[in-house]
Each structure stands twice: as C-alpha cells, then as structure tokens.
Amino acid sequence: MNDTVDRIMAVMERGFDPFFGEAWNRRQVGDALVMPNTFAATIDAAGRIDSESDPVGFTLSRMAADEEELLLIAVLPDLRGRGFGRTLLTNLFEEAAERGVAKLFLEMRADNPAETLYRDLGFSPIGIRKAYYRALDGSKRDAITFVKPLAKIDG
C-alpha cells in the first residue's frame, strides 16, 4: 500500500491548487486505501494505467452497494488537456461497471474547470450545496454533486 500512497502523493502535492485546500494529506490517502471497497488508479505519461512508471495522474474512489463515488482525481497541471483525465475516468467507468456499480457520483466546487470534462463524459448535476467550499482568502464556493449511470457488466 505504501507504494500506492507514494504514487498518489507524487501527483497530489502538485495536482491541486493550495488556494482551494482540496488536496489530501498522506495520512488521509493511506486511511482511505485501507478501507474496504476503496480503489485507486494511476496513469503515466504514456497513458498507461497502473504502470510502474512515474504517475502523472490518479483517481481514488469508494464503492458502497451498487454506487461508487469519485473521491479525487488529479493530473499534473502542466499535462492537463492531453487526455489523461479522460483516460482515468474511462478506466474508472469500466472497472466500476465490472464491480456491479450502477451509478457513479462526484462532487466538485462550482468553478472547477474539470466540469466540462465531467459533462462530456455523461455526468449530470443533481444537487448543490451552497457555500460548501472555503478558499484561503475566506471566499466560499458552492459544491455541485454529479451522477453518471453505468451499465453493469455481468461476469
């Protein structure tokens, strides 16, 4: 597990803007990974999922019953817009469907530029939490919850 935590933290530390305080610390990632039904995937610069090469992005998700929540996704800032996030999410959709997941959820701050990608991949907004996120300057932003239905894969 430490190797997985190391790989995630290598991206985490650069993948989130400190202004919004969204990054998790090492302990939070480690604690999440020891919980049952928590899944992580990394992607390298060649677009390979879970390779031994240095990661440029990751996902972290948790499943309960036939639903799964994307807890975190990050791609290194200088590599955004090159399809790594799309590949990570497509991988998550496939793996979650194989696990029998019917719906995938995520929550994001209202001004997150990743919203376009989420909508392009079939996520739809289902709720808003007003003034849920607080930035370093004290400003508040709404949280938007999204859902994407998945086709279960019987196997």
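## A walk through the model, starting at Thr 42

Select Thr 42 and show what surrounds it: setting aside neighbours within four places in sequence, Thr 42 is in contact with Arg 7, Arg 48, Ile 49, Asp 50, Pro 55, Gly 57, Phe 58 and Leu 88. Before going further, keep in mind that this is a predicted model.

Where does Thr 42 lie? Colour by secondary structure and you'll find Thr 42 in strand E1. Is Thr 42 buried or exposed? It counts as buried, because its relative accessibility is 5%, and the cut-off for buried is under 20%. Now draw sticks for Arg 7, one of the residues on that contact list. The side chains of Thr 42 and Arg 7 make a polar contact of 3.2 Å, so a distance label is worth adding there.

**Along the strand to Phe 39**

Stay on strand E1, which spans residues 38–44, and click on Phe 39, another residue of that strand. Phe 39 is partly exposed, at 23% relative accessible area. Which residues does Phe 39 contact, leaving aside neighbours within four places in sequence? Show Thr 59, Leu 60, Ser 61, Met 63, Glu 68 and Arg 99. Then pick the C-alpha atoms of Phe 39 and Leu 92: your viewer should give 9.1 Å between them, for two residues that sit 53 apart in sequence.

**Back to the loop before E1**

Next, select Asn 37. This residue is in the loop between helix H2 (26–34) and strand E1. Look at the backbone here: phi of Asn 37 is positive, about 65°, although the residue is not a glycine. As for its surroundings, Asn 37 is partly exposed, with 39% relative accessible area.

**Strand E3 and Leu 71**

Now jump to Leu 71, in strand E3 (residues 67–75). Leaving out residues up to four places away in sequence, Leu 71 touches Trp 24, Leu 60, Ser 61 and Arg 62. You've already seen Leu 60 and Ser 61 among the contacts of Phe 39. For another distance to label, take Leu 71 to Thr 38: these are 33 residues apart along the chain, and their C-alpha atoms are separated by 9.5 Å.

**The loop between H1 and H2**

Go to Glu 22, found in the loop between helix H1 (2–15) and H2. Is Glu 22 buried or exposed? Glu 22 counts as buried, since its relative accessibility is 18% and buried means under 20%. Beyond the neighbours within four places in sequence, its contacts are Phe 16, Leu 72 and Arg 109. Put sticks on Arg 109: a polar contact of 2.8 Å joins its side chain to that of Glu 22.

**Over to strand E5**

Select Ala 131, which you'll find in strand E5 (residues 124–134). What is phi of Ala 131 near? Phi is near 50° here, again a positive value in a residue other than glycine. Ala 131 counts as partly exposed, at 38% relative accessibility. Show Lys 140, Arg 141 and Asp 142 too, as Ala 131 touches them, not counting residues up to four places away in sequence. Of these, Arg 141 is ten residues from Ala 131 in sequence, with 4.7 Å between their C-alpha atoms.

**Zoom out**

Clear the selections and bring the whole protein into view. How many helices and strands are there? You should be able to pick out four helices and six strands. Follow the chain from the N terminus and the elements run α-α-β-β-β-α-β-α-β-β.

How does the overall size fit? A compact globule of 155 residues would have a radius of gyration near 15 Å, and the protein agrees because it has 15 Å. The C-alpha atoms fill a box of roughly 50 × 35 × 30 Å, taken along the principal axes. Buried residues make up 43% of the chain's 155. Of the contacts with a separation of 6 or more, 59% are between residues 24 or more positions apart.

For a last view, switch on the surface. About 8400 Å² is accessible, and carbon and sulfur atoms account for 49% of that. If you colour by charge, there are 20 positive and 25 negative charges to find, and their mean positions are 5 Å apart.

Terms used: Residues are numbered from 1 along each chain as its sequence is written. This is a predicted model: local features need pLDDT of at least 70, side-chain atom pairs count only at pLDDT 80 or more; totals for chains, interfaces and linings use all residues. Side-chain values use heavy atoms; hydrogens and water are left out. Helices (H or I, at least four residues) and strands (E, at least two) are DSSP runs, numbered from the N terminus. The radius of gyration is taken over C-alpha atoms; the globule rule is 2.2 Å times the number of residues to the power 0.38. Buried means under 20% relative accessible area, exposed over 50%, partly exposed in between (1.4 Å probe, protein chains only). Contact means heavy atoms within 4.5 Å. Accessible areas come from the Shrake-Rupley method with a 1.4 Å probe; for residues, only the protein chains shown count as cover. Lys and Arg count as positive and Asp and Glu as negative; His and the chain ends are not counted. The place of a charge is taken as NZ of Lys, CZ of Arg, CG of Asp or CD of Glu. A polar contact is a pair of N or O atoms within 3.5 Å; within protein, one must be able to donate a hydrogen and the other to accept it, and residues adjacent in sequence count only if both atoms are side-chain atoms.
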